[in-house]
Amino acid sequence: MKESKEQNKYTSLIIVLSVLLAISLVAGATFAWFASSQEKLRTISLGDPVVVNIAQDSTGVIKPSGAEIPFTIAGNHLLPGMKVNTYAAVKFQQSHTPAVLRVKLTATVEGGTASTDEIADLATELNQQIYDKAYGYIEEGAKWMLDPTSGWWYYTGGSNNDFVTPRNSICESINCEEGPLLEFLDPYKKDQYVYLPTYVDNKFATSVITFWFSVQAVQAIIPSDSDDPNSGFMVNTIDNVEKVFKEAFAGSDSNI
């Protein structure tokens, strides 16, 4: 009788262990679910950088690193009526990204014994000559348009100029694939020299005249709304692209 009770005890223990084992197997089981997944890829390739250099002549040779830009004419080399070669051109590096371009060429006068007004008058006349030379061949299609509010000249290609409202002029999209050379002033081909006035006399003997040339270029494909990539592209008028230039070159030393 005692032996039977012991057997029942072990039998109950085995049953309990079996139940616990079954519970652990159920708890550790892996369930299969009906599921599906899909993935789509959209690749966006960024354009080439837009890179410009100042050219030293009409062959497109780039000025070497360390070349004096701007170039300065000391007073002891100034002669009344002399002509100054102000060749100014931009050389693009080859790129698949089209660009819009603007340049600025400004003359400043410092030093000498001339009065402040006389110095200011000379600088004004030199800058007026730059203006006249750039517009001197309008009948052939002036390729540049001056924004009088900022002093920057924008490349329009000559067919997109609005002489009534300059800021409505459309900047030409420049094809950079072959590394084009675009000239602003070219004394070698046309009479685009800047001449010192004949009234430059001893008062300017120790003065210094500096011609500052600056160039900037940005990509020509500009969304009309930066927050909406599907909104199309804005018209590249001077008024529109000026905002992009200001943002792209904020704090740059080239904003002369």
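Which strands are among what covers the buried residues of H2? They include strand E5 (99–110), strand E7 (153–155), E8, strand E9 (194–195) and strand E10 (208–219). The close-ups below start from that helix, and please keep in mind that the model is predicted.

**View 1. Helix H2 and its buried face.** Helix H2 takes in residues 116–134, which makes 19 residues. At 1.5 Å a residue, H2 should span 27 Å, and its end C-alpha atoms are indeed 27 Å apart, so the two values agree. Its buried residues are Ile119, Leu122, Ala123, Leu126, Gln129, Ile130, Lys133 and Ala134. Looking down the axis of H2, you will find these buried residues within an arc of 140 degrees, so they line one face of the helix. An α-helix has 3.6 residues a turn, so residues three or four places apart point the same way. On the face of H2 turned away from the buried side sit the exposed residues Thr116, Asp117 and Thr124.

**View 2. Strand E5 and its two antiparallel partners, E7 and E10.** E5 is mostly covered, with nine of its 12 residues buried. Zoom in on E10 and you can follow 12 bridges that join it to E5, the two strands running antiparallel. One pair to look for is Val103, which stands opposite Val215 in E10. E7 is also antiparallel to E5, and two bridges join them. Here Arg102 has Tyr154 of E7 as its bridge partner.

**View 3. Helix H3 and the strands it packs against.** Within helix H3 (residues 238–248), the buried residues are Ile238, Val241, Glu242 and Phe245. These residues cover an arc of only 115 degrees around the axis, which puts them on the same side of H3. They pack against E5, strand E6 (144–146), E7 and E10.

**View 4. An open sheet of three strands.** The strands come in the order E1-E4-E8, and their pairing is antiparallel. Strand E1 (52–55) and strand E8 (181–185) stand at the edges with a single partner strand each, so one side of each is left without a neighbour in the sheet. Neighbouring strands of this sheet are turned by 25 degrees against each other on average, direction ignored. Strand E4 (residues 88–92) is joined to E8 by four bridges, and the two run antiparallel. To find your way along this pair, pick out Ala89, which stands opposite Glu183 in E8. Strands of a sheet pair through backbone hydrogen bonds, either parallel or antiparallel.

**View 5. Thr156, a buried loop residue.** Thr156 has its place in the loop between E7 and E8. With 0% relative accessibility, Thr156 counts as buried. Leaving aside neighbours within four places in sequence, Thr156 is in contact with Ala142, Lys143, Trp144, Met145, Asn161, Ser169, Ile170, Cys171 and Glu172.

**View 6. Gly179, in the loop between E7 and E8.** Is Gly179 buried or exposed? At 6% relative accessibility, Gly179 counts as buried. Leaving aside neighbours within four places in sequence, Gly179 is in contact with Lys91, Phe92, Gln93 and Gln94. You can also bring Val52 into this view: Gly179 and Val52 lie 127 residues apart along the chain, and their C-alpha atoms are separated by 9.1 Å.

Key: Residues numbered from 1 in each chain as written. Predicted model: local features only at pLDDT ≥ 70, side-chain atom pairs only at ≥ 80, totals over all residues. Heavy atoms only, no water. Pairing = 2+ DSSP bridges. Axes fitted to C-alpha atoms, helices over the stretch in contact; angles between N-to-C directions. Expected span 1.5 Å × (residues − 1). Buried < 20%, exposed > 50% of the residue type's maximum accessible area, 1.4 Å probe, protein only. Arc of directions from axis to C-beta. Contact = heavy atoms within 4.5 Å.
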